[in-house]
Amino acid sequence: MLSFLALIAMFTTLSRVQAEGSDPWNEADQIRTALFASQKALLTGDNETAAAHVRAAEAIYRQSLRQPIAATQPDVTTSLDKTFAAALKAAQSGDQVTLSTSRGQIWAGLLHGSTGVVLVALEQADGATARTWLLLRDFRTPTRFSRPGADATLAINALIEGKRSAAEALAAVRADLLDTYQAQLTETLTDLDIAQKRNFPVRQAEVAGLAAGYFDILSDAYKAQRGPEALLSTRSSFAGLIQAITTKNTSTYEIARKQIDAALKGFRAAPLSEAEQARRAGQLLRFVGLVPVEYARGIRDGKVVNDIEIQEALTFQSGASAAFADLMSSLEKRDTEATNRIATLLSQLETQVRTTADPAVVENTANEITGALNKVLPAEWQTLNSGSDFDVISSVLDQIEPAVKQGQYALAESARLEAYAILDSGIEQKLRGFAPEMALRVESLFWQGDDQVTGLAILLTTNAPASQVKASLTALRTALSEAEVLLGNSKSAPAAVVGNAAVIVFREGLEAVLILASLLASLRTVDNRQFRRPILIGGALAFAASAVTWWVANGLLMSLIRYGEKLEAVVSLIAIAILLLITNWFFHKTYWTGWMANFHAKKSKILGGSLVVGPSLGLILLGFTSIYREGFETVLFLQSLVLDAGIVVVLEGVAVGLVGVAIVGAITFALQVRLPYKKMLIATGILIGIVLLTMVGNTVHVMQAVGWMPITPIKGLYIPYWMGQWFGLFATWQGIVLQLVAAVFVIGSYVLAEWMNHRKRAKTLPSKEHQSPGTEPVQVSGVTH
Amino acid sequence: MGDMSVGRTARIVIILLVATMMLTTGLSVRAQEAKPDLSGIKTYLLEKTEALNKGAQSLKKNTDAYYELAKAAKFDYAALWNSKKADVIKVLEATKADWMTISPTYEQAEGIVAGVPSLQKYDVILDAGVKDEVEYDITLPDGKVLAKPGNLFGLLETTLWGTDKAFIADVKADFDGNGKQDFGEVLPDANALKGFGDSTASYAEELDKSAKAWEPTASDAFTALVVMVPTMSEYFESWKESRFILGDKAERGDFAVISRLSDIQDILSGLQVVYKGVSPMVASVDTARDTQISKGLDDLRKYVADLYKQEKDGKKFTPEEAELFGSEAQAKATAITGQISQVAAQLKIKLAE
């Protein structure tokens, strides 16, 4: 009877797999379920069914997953093979503990295999394989307040869509997966201790298997950072841990656990990005500074007078230690001695707080740490970092609610002031410049409040109930979180970018249409009509070449995308420089009249046979160069917008601009109708001027965001946030002054050009009828320019 | 001939322009977020909140009736038990039956109520709030105010079945006449019971109104999923601590009448409805992920349903078994939440804090 049930169990599992198709995640899921079914069967003493489930799980593994994993990581499959064998033996003998350990190890082994396949696929720029296998992964445990990130998923999608290089996707995926599995390792070790405390050996065994498996996933990173001997030793500690659980040896278990903790101390598998390191450095400096402040408030004459303050001092010390642990390996490379000294001092600081040392001693230690940090931390990590300031403000605000619940309003008030001081010393200035209404909102919530929410200062001085304080804190936290988003987001409103892209495309397209029309109109005679076609072919080729240029330029930008806003600032500066030149040329006529005259001169040379190339090829080249120049300019301008708002938004603007160009083109070429081209050129010129001013404002904003330019808010000037998003207008002296300079340059250039033209006209008026053919006014469907 | 070819070439140039325009417009339209049809989620929610409101009004009628009986006996519960035994048993059994109806009905809606920011407060008041941490008070008929009393379902359960002695009359009651006082055979304090009944009816009505006013958005749906799916560990934790696992050794008085496994199953069915609403959106960006999430939710619900069936069939789980099963459920829930977070990011959907 038992054999029959076992057969059914195996058959059911296998047929489910076949029915559900072959996806690595699905097969791994079936293996996990089958092994759990095996554990359940053992709980009822049904060894035979338990063994059947293990066999079924192994069959799925061998049928679908083993080969692709072995191709990239043979050592992982060797280990999995052994573990399946151990699981089968355990199931047959009714050994619940070993079966559970094996189950944990098998699951982690499959994750290890999947990680390997994904990373190798990315090394070969194979996004499709990476995407399929990435579905087989673990995630950080979510809470009500935090969710797992999606860096790896988004990076692979970006690779597939051609928005990111394989190397960048690989780096992002590796960081995400290593970070996840390190978090899982930490969590399983905590679960292990809980299971030990509750005396649940089966659960303990499974968690130990998982922990050992997670460590294996991180082993390459561990080996790279700590060396092969350390890796060997830590693996041996994990083996010892599993052995201790199997043999129920508590003392050996404790030793192995401590060894593992020591081995993992300061280890970070996924290196932090430069921005994250700067953020941690900011937290570290702030937290260290706060420890003596809190401590001094909680101690009098060597006795604790306020326990909450001491707890807060310890919280900040622990926050500082955590931030330091994240930076330790980077700092060690800069100065090992100083880094070790800081580690010792941080530990001393904790001891001093716990042993009620003299506040002056605590302050000295904190000062010494700060001094050492100032020397060892790179200068760019020590500059104002909004991200870390928001983190620290949040930590300080955490003190308010518990203090109020205990009726300690003075304590809550000091925390409020502390949080406000951090805000005032950095973030507020940025906010006043970039999002003044948000600065006002945050400040009012710290103090008097507004129509809807009473401010924290009022609530704390009137000993308001905890529920009101909580509501006010929630509003403040929401405002702070919105402020963080606003400061982190130096992007323009999408509709504004659509408009700007459309203006640029329409303007450049209009020029292209006019050049084509002008060249074609001058070939109206029957003899010359044959030459129109090559020019148009050249134009069409230029259009295609512009598309290729877009593709190349975009690829180049995407390969540099890791530089983020710094890249945006550089590209914007180049775009502004060219826009300034063009507006200047435009007003001085060299841009338009001279350019057109140049084309006509070239055309005459080609037709006159004075150029080396034949007339057809020459005219194709003429059509091509005259249009490609506009296409090239357009592509260049649009790249800075792509960095600002993304490719899709810019393409929407391109589409709108092309509609305009298509209409003008259709009217000009197909219907042969005259249009007020000169007025159109002037109108679009003015619009380009507005685009230029917006671009200047946004570029200054980006440069301020990356710290390349100081921020000096204009007191008393209120500019709503939307005007920043639409027109690049922000209430900082730097932004407004540079926009004014750009405006003066453009208008000044126009005035100068008008003055020069006026003078020129006055001089040349008597000899007008003797103009040379190369500079004759351009005729476009009867319109003279 | 020459003019014709020039005209044709000009047309080709225009066609090229228009084709590019159409292509880019098409791309941008494709990139626009598809408007999901979330009406199914609202229909489901209203079905539950209306049923909850109806059941809560019925419960209020019964707690009122019990209060009138106690009042007539001048709140002398021994006298009440002796003089009106049949009436007391009838009204209390009816009240318990109402509770047994509305509690699971609410659980079926909890996945949405607790996950949607604009409705969350009702979850705290009705089902999830802890004593001293809720933001409401109850004024009893005798004028006494119970400040921050905890959640109403818990208060009703512990009062009706007597797992919290604070609101129980000191009377030995034997409802079924078997000669002993079995679990749940208690006379609640009528003042407290009426206060809880009134508040439950009032908040159930408010929830129903708020649910009717609620217009579901994709952000609401995804937020509900990522907030509620990972809370499985909390539910399994309360299952492990309940009478169903610990028997008389259980220290907590709630979750003693309906197994937490039943609640988990109900919550998951609600969440499946929510996911069904956004599934087409997910499939539009990642078909494999959509299959994975749908299957994951279905597997998790079936997994819990299987445990519940075993429990109903008489299986007594040990604390270690409960831990094992709970951990497995949590692992499944963590995986599903991770997957949902991935598609939310792909779809650029903002999740509420």
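Q: Buried means under 20% relative accessible area; on that footing, which residues of helix α5 (residues 120-128) of chain B are buried?
A: In this predicted model, the buried residues of helix α5 of chain B are B:Y122, B:D123, B:I125, B:L126 and B:D127. Those residues pack against α2, α4 (85-113), α6 (152-160) and α7 (190-213) of chain B.

Q: Which residues touch the most other members of the largest nonpolar core, and which helix gives the most to this core?
A: The largest nonpolar core holds 106 residues, and B:Y66, B:L187 and B:F222 touch the most other members. Helix α2 (residues 39-72) of chain B gives the most to this core, with 11 residues. Once neighbours within four places in sequence are left aside, the contacts of B:Y66 are B:Y77, B:L80, B:V88, B:V91, B:L92, B:L187, B:P188, B:A190 and B:L193. A second core, separate from this one, has 80 residues, among them A:L111, A:W133, A:L134 and A:L218.

Q: Why is the pair of A:D191 and A:R203 called a salt bridge?
A: The closest N and O atoms of A:D191 and A:R203 are 3.7 Å apart, and the cut-off for a salt bridge is 4 Å, so the pair qualifies. It is one of 43 salt bridges found over all chains.

Q: What makes this pair a tie between parts of chain A?
A: A:D191 lies in helix α8 (residues 166-198) and A:R203 in helix α9 (residues 201-226) of chain A, so their salt bridge ties together parts that are 12 residues apart in sequence.

Q: How do you know whether A:D191 and A:R203 are buried or partly exposed?
A: A:R203 has a relative accessible area of 11%, which is under the 20% limit, so it is buried. A:D191, at 23%, falls between the limits of 20% and 50% and is therefore partly exposed.

Q: How do you know that A:R198 forms a salt bridge with B:E237?
A: The closest N and O atoms of A:R198 and B:E237 are 3.4 Å apart, which meets the 4 Å limit. This pair crosses between chains, from A:R198 in helix α8 of chain A to B:E237 in helix α9 (residues 232-240) of chain B. A:R198, with a relative accessible area of 37%, is partly exposed, and B:E237 is partly exposed with 27%.

Q: Which residues are linked in a network of salt bridges?
A: The network links A:D191, A:R198, A:R203, B:E237, B:K240 and B:E323.

Q: What makes B:K302 and B:D298 separated by about one helical turn?
A: Both residues belong to helix α12 (residues 287-312) of chain B and are 4 residues apart, which means that about one helical turn separates them. They form a salt bridge in which the closest N and O atoms are 3.0 Å apart. B:K302, at 48% relative accessibility, counts as partly exposed, and B:D298 counts as partly exposed at 23%.

Q: Why is the aromatic pair of A:Y222 and A:F267 called edge-to-face?
A: The angle between the planes of A:Y222 and A:F267 is 75 degrees, and edge-to-face asks for over 60, so the name applies. The centre to centre distance of 4.9 Å lies within the 6.5 Å required of a pair. The pair links distant parts of the chain, 45 residues apart, with A:Y222 in helix α9 of chain A and A:F267 in the loop between α11 (250-264) and α12 (274-298) of chain A. A:Y222 is buried at 2% relative accessible area, and A:F267 counts as buried at 5%.

Q: Why is the aromatic pair of B:F236 and B:W239 called edge-to-face?
A: Their planes are 85 degrees apart, with 5.7 Å centre to centre; the angle is over 60, so the pair counts as edge-to-face. B:F236 and B:W239 are 3 residues apart in helix α9 of chain B, about one helical turn, and both are buried. The two rings belong to one aromatic cluster with A:F36, B:Y303, B:F317 and B:F325.

Q: How do you know that the charged end of B:K332 sits over the ring of B:Y303?
A: The charged end of B:K332 is 5.4 Å from the centre of the B:Y303 ring, which meets the 6 Å limit on distance. In chain A, the charged end of A:R416 sits over the ring of A:W447, 4.2 Å from its centre.

Technical notes. Residues are numbered from 1 along each chain as its sequence is written. Chains are lettered from A and ligands numbered from 1 in the order in which they are written. This is a predicted model: local features need pLDDT of at least 70, side-chain atom pairs count only at pLDDT 80 or more; totals for chains, interfaces and linings use all residues. Side-chain values use heavy atoms; hydrogens and water are left out. A nonpolar core is a set of buried Ala, Val, Leu, Ile, Met, Phe, Trp, Tyr and Cys residues joined through side-chain atoms within 4.5 Å. Buried means under 20% relative accessible area, exposed over 50%, partly exposed in between (1.4 Å probe, protein chains only). Helices (H or I, at least four residues) and strands (E, at least two) are DSSP runs, numbered from the N terminus. Contact means heavy atoms within 4.5 Å. A salt bridge is a side-chain nitrogen of Lys or Arg within 4 Å of a carboxyl oxygen of Asp or Glu. Rings of Phe, Tyr and Trp (its six-membered ring) pair if their centres lie within 6.5 Å; planes under 30 degrees apart count as stacked, over 60 as edge-to-face and the rest as tilted. A charge sits over a ring if NZ of Lys or CZ of Arg is within 6 Å of the ring centre and within 35 degrees of the ring normal.
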